[in-house]
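Here's a quick walk through a protein model with a ligand in place. Have the structure open and follow along, starting with the ligand and then moving out to a handful of residues elsewhere in the chain.

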Amino acid sequence: MKKKAKYNVAVIGVGVVGIEMLRCLKQFNFPVAELRVFARSARQIDVDGLKYSVEAISPEGFSGIDIALFAGTEGEKGAAVTYAQEATRRGAVVIDNGADFRMDPAVPLVVPEVNAKDVKIHKGIIANPNCSTIQMVVALWPIYKKAGIRRVIATTFQASSGAGKAAVEQLEEENIRIAAGGYQDVEVNLENKAMPQQLGYNVFPHIGGFSEDDYTSEEWKMVRETHKIMHDYKIKISATTVRVPVRTGHSEAIYIETKKPLSANQAKDILSKSAGIIVLDEPKKNLYPMPKDAEGKDEVFIGRIRRDPFLKYGLWLWVVADNLRKGAATNAVQIAQELIK
Ligand SMILES: NC(=O)c1ccc[n+]([C@@H]2O[C@H](COP(=O)([O-])OP(=O)(O)OC[C@H]3O[C@@H](n4cnc5c(N)ncnc54)[C@H](OP(=O)(O)O)[C@@H]3O)[C@@H](O)[C@H]2O)c1
């Protein structure tokens, strides 16, 4: 990308991720010349007391844009499929939060703490990984470099905001109904039901659609995206992804089988010296990461670091991050920072 003092930036989508992108651009002092904000419909919005004019998206809107941060919905009629190529044709580099381009071999999939150098091989589009993958690879990478990784088994505990604004609203609505009249089996009859089950006072192991071998698409994302980001397709990865009634902040219980033995103290030491990680691990003081504390933060928090009592190559980590920040907007803006370095 041609070096400039300031860049024309577009943010596409003002849902839960798009709003965080606007915050990150401001908070990270990204050198913005002109900022244009697009969604399906035009309106004025207020973020932390700052007013933004949202324009209805159009191909012409991308003229003169250097960097386009996409946070619209995915799929055939989604923002990225419809407009990403239009944006690149007009000279912009696209950083896309959705899944549409992630597995395209021509598109780098980047978590700067792991594979920042991949940014350089872009051909106009760079993909931001899935939220549950990002926090996992940030935690895996320092262990991988020190001891190698043979196998990973992950169970996630994912917040409602991971499924967008409508899912946050569904959980809020369910909580109101539960408080008003009962405890279980709340009749969820919302017009825009965003999740496949009731989430209030409930958990369900179903994120994305069911696909090959009865894993969900979210579970396959954790496998395939991790392989691509870490450039190692031999790591045996298997995941169970679970939605929990948390507003924001995904948690993951991750079991790692290393190639060389690693003590819990060695793992703590390596992780606490690694970029983008904060270790919170003092069990005697009840200190471990929790989503409510990670909300609004940019780091990945790791605790409960302990060895498998039966296997010297086995290690457990409890990994928590804000899915809208490091899991989406923070990572996307960090990619943009790499791009302009
Ligand atoms: N939520 C997360 O934790 C998370 C994490 C990683 C990645 N992602 C990805 O980030 C993207 C945004 O997710 P979100 O959770 O912020 O969704 P969201 O809350 O549902 O918001 C979606 C936004 O995209 C806009 N939009 C939808 N279709 C559009 C189109 N064709 N053209 C222009 N704008 C369009 C909507 O516009 P209107 O407001 O005008 O309707 C809305 O502002 C998705 O691809 C998602 O998979 C999300």
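## What surrounds the ligand

Start with the make-up of the shell around the ligand: 13 polar residues, 10 nonpolar ones and five charged ones. Keep in mind as you look that this is a predicted model. There are 28 residues around the ligand, and the ones that come nearest are Val-14, Arg-40, Arg-43, Glu-74 and Ser-161. Two helices are worth picking out here, as α1 (16-27) and α9 (325-339) each supply at least two residues of that shell.

Where does the ligand sit? Look for the largest pocket, and you'll find the ligand there.

## Polar contacts to the ligand

Now zoom in on the oxygen atoms of the ligand. One ligand oxygen is 2.8 Å from a polar backbone atom of Val-14, a residue that is also among those coming nearest to the ligand. The backbone helps out at Gly-72 too, where an N or O atom lies 3.0 Å from an oxygen atom of the ligand. With Asn-323 it's the side chain that takes part: one of its N or O atoms is 3.0 Å from a ligand oxygen.

How much of the ligand does the protein bury? On its own the ligand would expose 910 Å², and the protein buries 87% of that.

## Ser-132 and its side-chain partners

Next, jump to helix α4 (residues 131-147), where you'll find Ser-132. Is Ser-132 buried or exposed? Its relative accessibility is 0%, so it counts as buried.

The side chain of Ser-132 has a couple of polar contacts to show. One goes to the side chain of Asn-130, at 2.7 Å. Another, at 3.1 Å, joins Ser-132 to the side chain of Glu-218.

## Buried residues in strands

Two strand residues come next. Leu-69 lies in strand β5 (residues 67-70), and it counts as buried because its relative accessibility is 0%. If you'd like a distance to check on screen, the C-alpha atoms of Leu-69 and Glu-225 are 20 Å apart, with those positions 156 residues apart in sequence terms.

Ile-237 belongs to strand β9 (residues 236-243). At 12% relative accessibility, Ile-237 isn't fully covered, but the cut-off for buried is under 20%, so it still counts as buried. Draw a line from its C-alpha to that of Ala-336 and you get 29 Å, for residues 99 apart along the chain.

## Buried residues in loops

Loops can hold buried residues as well, and Pro-289 is one of them. Pro-289 is found between β11 (277-279) and α8 (291-294), and its relative accessible area of 2% is why it's called buried. From Pro-289 to Val-300 is 11 residues along the chain, and their C-alpha atoms are separated by 9.3 Å.

Gly-98 is in the loop that runs between β6 (93-96) and α3 (112-115). Its relative accessibility comes to 6%, so Gly-98 counts as buried. Gly-98 and Phe-70 are 28 residues apart in sequence, and 7.8 Å apart in space from C-alpha to C-alpha.

## Two residues with positive phi

Last stop: the backbone angles. Most residues other than glycine have a negative phi. Which way does Asp-48 go? Its phi is near 55 degrees, a positive value in a residue that isn't glycine. You'll find Asp-48 in the loop between β3 (43-47) and β4 (50-56), and with a relative accessible area of 55% it's exposed.

Tyr-201 also has a positive phi, about 55 degrees, although it is not a glycine. Tyr-201 lies in the loop between α5 (165-181) and α6 (217-230). Is Tyr-201 buried or exposed? Its relative accessibility is 51%, and exposed means over 50%, so Tyr-201 counts as exposed.

Terms used
Residues numbered from 1 in each chain as written. Predicted model: local features only at pLDDT ≥ 70, side-chain atom pairs only at ≥ 80, totals over all residues. Heavy atoms only, no water. Near = heavy atom within 4 Å. Polar contact = N/O pair within 3.5 Å; in protein donor to acceptor, adjacent residues only side chain to side chain. Areas by Shrake-Rupley, 256 points an atom, 1.4 Å probe, with all protein chains shown as cover. 1 Å grid on protein atoms, 1.4 Å probe; cavity = no way out; pocket = protein on both sides within 12 Å on 5 of 7 lines; lining within 4 Å. Sits in = over half its atoms within 2 Å of the grid points. Helix = DSSP H or I, 4+ residues; strand = E, 2+ residues; numbered from the N terminus. Nonpolar A, V, L, I, M, F, W, Y, C, P; charged D, E, K, R; others polar. Buried < 20%, exposed > 50% of the residue type's maximum accessible area, 1.4 Å probe, protein only.
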